[in-house]
Amino acid sequence: MINKKPFVDSLGIMVIEIDEGSSLKDIYDYVSNDKEGLYLYLLKRISYGIRNNLKSVRIFRVYGSDYYLDCPRKDWKNYLKKALDYFIEIEKYEFCEAVVKTTKKLEPKKRKKRKPKAKKNEVTSSEIQQSK
């Protein structure tokens, strides 16, 4: 069982204190208790990862131990999708907008096609049209 409220350390990472003998289910239940807060926190951490071009972001640290929970970049879209679904469900549309903007930042940037430059002694088709 986990009874203490989590806190955020100086690096912005949520720290949870677990009682000896706590199971993974206890930790999951504890973290899932405040879904809105959890999804907003994930949004913040993923945004941090995008801004800093990280391969993963640290989500949780277990107080008094060397145990961490990291979220790799390949999973960010999935968690953002879950956050978006949740915010739609509870009708918190102002958060939906932030999730959508963050998700778009994960999309690969489209490269603009450039027109090839004409070489010095090369005539372009538009120059031929103009000379007629």
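Start by selecting Ile13, which counts as buried at 7% relative accessibility. Keep in mind as you click around that this is a predicted model. Ile13 sits in the loop between strand E1 (7-8) and strand E2. So what does Ile13 touch, once residues up to four places away in sequence are left out? Show Phe7, Val8, Tyr41, Arg45, Arg58, Ile59, Phe60 and Arg61, and you have the list. Pick Arg58 from that group and draw a C-alpha to C-alpha distance to Ile13: you should get 6.7 Å, although the two are 45 residues apart in sequence.

**Next stop: Arg61**

Stay in the neighbourhood and select Arg61, another name on Ile13's contact list. Arg61 belongs to strand E3 (residues 56-62). Would you guess that Arg61 is buried or exposed? With a relative accessible area of 17%, Arg61 is buried, because the cut-off for buried is under 20%. Now bring up the residues Arg61 touches, again skipping those up to four places away in sequence: Asp9, Ile13, Met14, Val15, Ile16, Tyr67 and Tyr68.

**Zoom out for a moment**

Colour the whole chain by secondary structure. How many helices and strands does the chain have? There are five helices and four strands. Following the chain from the N terminus, you meet them in the order β-β-α-α-β-β-α-α-α. The chain has 132 residues, and 29% of them count as buried. If you switch on the surface, you are looking at an accessible area of about 10,800 Å², with 52% of it belonging to carbon and sulfur atoms. Here's one more number for the whole chain: among contacts with a separation of 6 or more, 48% are between residues 24 or more positions apart.

**Helix H1**

Select residues 24-32, which form helix H1. Which residues of H1 are buried? Highlight Ile27, Tyr30, Val31 and Ser32. Ile27 and Tyr30 are both on that buried list, and the helix pattern is handy to know here. An α-helix has 3.6 residues a turn, so residues three or four places apart point the same way. To see what covers the buried residues of H1, show strand E2 (14-16), helix H2 and strand E3, which are included in the cover.

**H2 against H3**

Now select helix H2 (residues 35-51) together with helix H3 (residues 76-89). They pack at an angle of about 145°, and their axes lie 10 Å apart. H2 passes H3 in a left-handed crossing. For the residues that meet, show side chains on both helices. On the H2 side, pick Lys35, Glu36, Tyr39, Leu40, Leu42, Leu43, Ile46, Gly49 and Ile50. On the H3 side, pick Trp76, Tyr79, Leu80, Lys82, Ala83, Tyr86 and Phe87. Colour this contact by class and you'll find 12 nonpolar residues, one polar and three charged.

Before you leave H2, follow the chain out of it into the loop between H2 and E3, where Asn53 is found. Asn53 is exposed, with a relative accessible area of 62%. Check its backbone too: phi of Asn53 is near 50°, a positive value in a residue other than glycine.

**H3 against H4**

Keep H3 on screen and add helix H4 (residues 93-106). Their axes are 9 Å apart and the packing angle is about 160°. That makes H3 roughly antiparallel to H4, because angles over 145 degrees count that way. H3 passes H4 in a left-handed crossing. H3 brings Trp76, Lys77, Leu80, Ala83, Leu84, Phe87 and Ile88 to the contact. Facing them from H4 are Tyr93, Phe95, Cys96, Val99, Val100, Thr102, Thr103 and Leu106. Sorted by class, the residues of this contact are 12 nonpolar, two polar and one charged.

Click on Ile88 in helix H3. Ile88 counts as partly exposed, at 43% relative accessibility. Which residues is Ile88 in contact with, leaving aside neighbours within four places in sequence? Select Tyr93 and Cys96.

**Last stop: Glu91**

Finish in the loop between H3 and H4, at Glu91. Glu91 is exposed, with a relative accessible area of 55%. What is phi of Glu91 near? The angle is near 60°, a positive value in a residue other than glycine.

Terms used. Residues numbered from 1 in each chain as written. Predicted model: local features only at pLDDT ≥ 70, side-chain atom pairs only at ≥ 80, totals over all residues. Heavy atoms only, no water. Axes fitted to C-alpha atoms, helices over the stretch in contact; angles between N-to-C directions. Helix = DSSP H or I, 4+ residues; strand = E, 2+ residues; numbered from the N terminus. Left-handed = near helix turned anticlockwise from the far one by under 90°. Contact = heavy atoms within 4.5 Å. Nonpolar A, V, L, I, M, F, W, Y, C, P; charged D, E, K, R; others polar. Buried < 20%, exposed > 50% of the residue type's maximum accessible area, 1.4 Å probe, protein only. Areas by Shrake-Rupley, 256 points an atom, 1.4 Å probe, with all protein chains shown as cover. Parallel < 35°, antiparallel > 145°, perpendicular 65-115°, else oblique.
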